[in-house]
Amino acid sequence: TSKTIFYALAVVSSGVFAWGVWRRVKLWQRGRPDNQPIKWREAFQNIRTRALAQRALRGARPKASFAHRMLFWGFLVLFIGTILVSIEHYSAAALGREATDPLFHKGVYFVIYEITLDTFGLLMIGGALWFARRRMRADSSMEHRTADWLVLTSLIILGVTGYFIEGLRIIRESTPMPGISFVGYGFSKIFMAAGVGKSNVDSIHFGLWWFHSVVAFGFIAALPFCRLAHAIAAVFSLATTPKPLGQMEPISMEEVEETGEVGVGRLEQFTRLDLLRLDACVSCGRCEDLCPAHEAAKPLSPRDLVQDLRRQAEAKYLESAEALQLRLTETERKLSELQSSKVQDMSLNLSPEEESALLQFQEEKLVIRKQLRDVRHQLDKDIEQLGSTLKFVNIALVPILLTLLLLAINVLRGRKEEVIS
C-alpha cells in the first residue's frame with residue numbers, strides 16, 4: 001500500500017510539474033518567431049559559467065550572492081545525491097540484491113557520498129535561512145511575495161527532516177562508521193537521549209520519511225508556479241547568446257509609417273525569446289539598483305516594468321477569453337431571436353436574407369466556440385491564485401494530512417501485531 005501511494009504521488013507530482021512547464025511554453029509561443037540560431041557550444045558555455053558557476057552573481061550584493069550560491073549548490077548536490085540513491089536502489093533490485101548488499105553505495109564511495117551530502121545539506125539550509133532573514137528585515141529592493149515563505153520553508157523542512165531521517169536510520173540499522181554522516185550522527189545522539197531506541201524507532205522513521213517525501217513531491221509540483229520557475233526559464237534563455245547591453249536595433253521610417261508604432265507597442269510584437277526572458281527574471285531588483293533614473297527618484301522601476309509585462313502577457317489571454325464569451329452570448333441571443341420570431345409568425349419558410357443570417361450566426365457560433373476552447377486550453381483563469389493555492393496545498397496541507405494518516409495506519413498495525421503475538 002505504501003509503495004502504491006508513493007508512486008501515485010510521484011506520478012501526480014511529475015504530471016503537475018510537466019503541465020506547469022507546458023503552460024509557460026505555450027505562452028512563450030505567442031510571441032513572434034525568433035530566427036536566432038542556437039549555438040550549442042556557446043549554450044553549454046553559458047550554462048557552465050552563468051548557471052553552474054554562478055559567475056553572473058559576482059560583484060554587487062556579495063552577501064546575497066554567496067547565500068544564493070549556498071542555496072543553489074546545496075540543492076543541486078542533494079538532487080544529484082537523490083538520483084544516485086535511486087540508481088543504486090533500482091539497479092540492486094533488478095539484479096536481485098538485498099538492501100544489505102549494495103551495488104556501489106559502499107566503501108570509499110559511500111564515505112565520500114555521506115560527507116559531501118551532509119556538508120551541502122547545511123549549505124542549502126544556511127542559504128534558505130539567510131533569505132528568510134532578509135525577507136523578515138525587508139531591507140532590499142527585491143520584490144517580496146507571500147509564496148516565497150512557502151518555498152523557503154519547504155527547503156528548510158526538506159533539509160532538516162533529511163537529517164532527522166538519517167539519524168533515525170543510524171539507530172534503526174546500526175550503521176557502521178556513523179560518524180561520516182556527521183550531522184545525522186549528531187541527531188541520532190539527540191534522539192537516543194530523548195528515548196528513541198530499537199523498540200520505537202521504526203514508527204518514527206516511517207512517519208518522518210513519509211512527511212519528507214510528500215513535501216518533496218509538493219515542492220517539485222510547485223516549481224513552475226513560484227519564483228523558482230526562473231531557473232527553468234533561465235536554462236532555456238541561456239541556450240542563446242544574449243545581445244550586448246544597450247544595443248538598440250534600428251527602426252525604418254517605412255515601418256513606423258505602416259504600423260503607426262515605434263518599437264514594441266503590443267505584447268505580440270515581442271519575440272518568443274523576449275517572452276521567455278520575462279519569466280527568467282527573478283525580480284531581484286539589481287537592475288533597479290543600477291538604474292540612474294530610479295536613483296534620481298524618477299517614477300521608473302526596471303524590475304516592476306518587466307514583472308508588469310509578464311503579468312500583462314498572462315492577463316491578455318484571460319481578457320481574450322472574456323471577449324470571446326461575450327461574442328458567443330450575443331451570437332446565441334441573435335440566433336434565438338431569429339428562430340423564435342419565425343415560430344411566433346407560424347411560418348417555417350425563411351427568406352433568402354433570413355437563411356443567410358441564420359447560416360452566418362451558426363458559423364460564427366462554431367468559430368467562436370473553437371476560439372474560446374483554444375484560449376481556455378492554453379491559459380488558466382487566475383495564474384497567481386492558482387499558483388499560491390497549489391503551493392500551499394502541496395507543500396503544507398497535503399504532507400501534514402497524509403503523514404498523520406500513515407502514522408495512524410502504522411500505529412494500528414503495530415497494535416494489531418502486539419495483540420496477535
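**Helix packing and local features of the predicted model**

M177 is exposed, its relative accessible area being 53%. In this predicted model, M177 belongs to the loop that runs between helix 5 and helix 6. Although M177 is not a glycine, its phi is positive, at about 50 degrees. The loop between helix 5 (146–173) and helix 6 (182–193) also holds S174, another residue other than glycine with a positive phi, here near 50 degrees. S174 has a relative accessibility of 49% and therefore counts as partly exposed, whereas M177, at 53%, is classed as exposed; the boundary between these two classes is set at 50%.

The two helices joined by this loop pack against each other, with their axes 7 Å apart and at an angle of about 70 degrees. Helix 5 is therefore roughly perpendicular to helix 6, since angles of 65 to 115 degrees fall in that class. The crossing of helix 5 and helix 6 is right-handed. On the side of helix 5, the contact is formed by Y163, F164, E166, G167, L168, I170 and I171. Helix 6 contributes V183, G184, Y185, F187, S188, F191 and M192 to this contact.

With respect to the chain as a whole, the secondary structure consists of 15 helices and zero strands. The chain has 421 residues, of which 36% are buried. When contacts between residues at least 6 apart in sequence are considered, 76% of them join residues at least 24 apart.

Helix 1 (residues 2–28) and helix 7 (residues 201–222) provide an example of association between distant parts of the chain, linked by the pair of F6 and W210. The axes of helix 1 and helix 7 come within 7 Å, with a crossing angle of roughly 20 degrees. Helix 1 is thus roughly parallel to helix 7, given that angles under 35 degrees are assigned to this class. The handedness of the crossing between helix 1 and helix 7 is left-handed. From helix 1, the residues S2, I5, F6, L9, A10, S13, V16 and F17 take part in the contact. They meet F206, W209, W210, S213, V214, F217, I220 and A221 in helix 7.

Aromatic residues are present on both sides of this contact, F6 and F17 in helix 1 and F206, W209, W210 and F217 in helix 7 being among them. The structure holds 13 aromatic pairs. One of these is formed by F6 and W210, with 6.2 Å from centre to centre and 70 degrees between the planes, an edge-to-face arrangement. F6 and W210 are 204 residues apart, the former in helix 1 and the latter in helix 7. W210 has a relative accessible area of 1% and is therefore buried, the limit for this class being under 20%. F6 and W210 are also members of one aromatic cluster, together with Y7, W209 and F217.

Further features involve residues W19 to W28 of the chain. R23 is placed over the face of W19, at 5.8 Å from the ring centre. W22, also found in helix 1, is partly exposed, with a relative accessible area of 39%. The C-alpha atoms of W22 and P224 are 9.3 Å apart in space, although the two residues are 202 residues apart in sequence. Helix 1 also approaches helix 10 (residues 272–280), the axes coming within 8 Å and crossing at roughly 140 degrees. Helix 1 and helix 10 are therefore oblique to each other, as the roughly antiparallel class requires an angle over 145 degrees. In this contact, R24, L27 and W28 of helix 1 meet R272, L275, L276 and D279 of helix 10.

A separate set of contacts concerns H68, which is located in helix 3 (residues 62–94). With a relative accessibility of 27%, H68 counts as partly exposed. Apart from neighbours within four places in sequence, H68 is in contact with Q54, L57 and F131. Of these partners, Q54 is 14 residues from H68 along the chain, and the C-alpha atoms of the two residues are separated by 8.7 Å.

How values were computed:
Residues are numbered from 1 along each chain as its sequence is written. This is a predicted model: local features need pLDDT of at least 70, side-chain atom pairs count only at pLDDT 80 or more; totals for chains, interfaces and linings use all residues. Side-chain values use heavy atoms; hydrogens and water are left out. Rings of Phe, Tyr and Trp (its six-membered ring) pair if their centres lie within 6.5 Å; planes under 30 degrees apart count as stacked, over 60 as edge-to-face and the rest as tilted. Helices (H or I, at least four residues) and strands (E, at least two) are DSSP runs, numbered from the N terminus. Buried means under 20% relative accessible area, exposed over 50%, partly exposed in between (1.4 Å probe, protein chains only). A charge sits over a ring if NZ of Lys or CZ of Arg is within 6 Å of the ring centre and within 35 degrees of the ring normal. Axes are lines fitted to C-alpha atoms, for helices over the stretch in contact, and angles run from 0 to 180 degrees between N-to-C directions. A crossing is left-handed if the near helix is turned anticlockwise from the far one by less than a right angle, and right-handed if clockwise. Contact means heavy atoms within 4.5 Å.
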